[in-house]
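Here is a brief report on one structure. It covers the sheet, the core and the ligand shell.

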Amino acid sequence: MSDARPPAALSPLDEERFGVRTAKASAVTASALPALLDCCRRERVAFLIARCPASDLRAAQAMEAAGFFLTDTLVYYARDLTRGPEPPEDTGVGVRSVRPGEEHAVQAVAADAFRDYLGHYHADPRLDRARCDEVYSSWALRSCLLREVAEAVLVAEREGRIVGFATLKLNSPGEGEGILFGVARAAQGLGVYRALMVRGMGWCRARGAGRMIVSTQLTNTAVQRVWTRLGFELDDAVLTFHKWFDGP
Ligand SMILES: CC(C)(COP(=O)(O)OP(=O)(O)OC[C@H]1O[C@@H](n2cnc3c(N)ncnc32)[C@H](O)[C@@H]1OP(=O)(O)O)[C@@H](O)C(=O)NCCC(=O)NCCS
């Protein structure tokens, strides 16, 4: 049976940021790899971001053999929100929805929190560091402005300043997702992230979702500690590779 899904999608946002024609591919398999490479060459793609399930080592090894290199491992955690115990909403940290005019404050928190982050962009030595940082700050800004990027943005306040944010969406009526979270460096280690997660769970529950998912880099131990304490369990893992078409 033929797979009608296009093997890759161009990424205008990445192209604008990094100045090279960029494409993204998900759920790459060893058998689909030749068609993916053909498609990228035909479309004059210079830089490809490709993902496969961590369980599909054949796909990973085929990508390695074709000059891709590993840039991160994403882990997905899930929580059944219909099961207790529910963490107390009173976390001692003020969390509320973002208000119009606060978009740039959220962007500034993201710029601070994600400087030199441990994601796949920063893991690629060919990408400019400052531009990699901008991936996250502009994502946070767009989350405040565009409903197709995030359905809700929560902010955490301390002494009248925004020090943390969380972006959320519903993937389906039954499943909510916590997408991008960040806490300003000066406010880290004080439970702000935990408070954002607790309110994020409440946001999903209030919209009728019985399940919430979150994801991060395997090496981001700080958030995984919080998730496991809040009843989330490891659910899935995905490998991210990069390939440069002018490379070997
Ligand atoms: C990860 C992050 C959100 C944690 O925020 P936080 O408000 O400091 O988290 P909390 O205070 O609720 O603490 C959570 C746990 O992480 C630990 N922690 C906080 N910052 C940490 C850091 N920079 N390095 C290692 N551990 C850290 C805390 O000590 C705590 O663990 P503990 O209870 O065992 O001590 C924040 O460091 C951050 O914004 N990092 C960069 C962006 C990021 O990773 N975002 C999440 C993925 S989208």
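## Sheet

Strands β4 (residues 69-80) and β10 (residues 233-244) run antiparallel and pair over 9 bridges. Within this pair, Asp72 sits opposite Thr240 of β10. Strands (E, at least two residues) and helices (H or I, at least four) are DSSP runs, numbered from the N terminus. Pairing needs at least two DSSP bridges between two strands.

The open sheet has 10 strands and mixed pairing, in the order β1-β2-β3-β10-β4-β9-β8-β7-β6-β5. β1 (9-10) and β5 (94-97) are at the edges with a single partner strand each, so one side of each lacks a neighbour in the sheet.

## Model and numbering

This is a predicted model: local features need pLDDT of at least 70, side-chain atom pairs count only at pLDDT 80 or more, and totals for chains, interfaces and linings use all residues. Residues are numbered from 1 along each chain as its sequence is written.

## Ligand shell

The ligand is surrounded by 19 residues, each with its C-beta atom, placed from the backbone, within 6 Å of the ligand. The closest are Ala113, Gln188, Val192, Tyr193 and Ala222. β8 (175-183), α6 and α7 (221-229) are the elements that each give two or more residues.

By class, the shell holds 11 nonpolar, 6 polar and 2 charged residues. Nonpolar means Ala, Val, Leu, Ile, Met, Phe, Trp, Tyr, Cys and Pro; charged means Asp, Glu, Lys and Arg; the others, including Gly, are polar.

## Contacts of Leu196

Leaving aside neighbours within four places in sequence, Leu196 is in contact with Val95, Leu154, Ala156, Gly164, Ala166 and Phe181. Contact means C-beta atoms, placed from the backbone, within 7 Å.

Methods. Contact = placed C-beta atoms within 7 Å.
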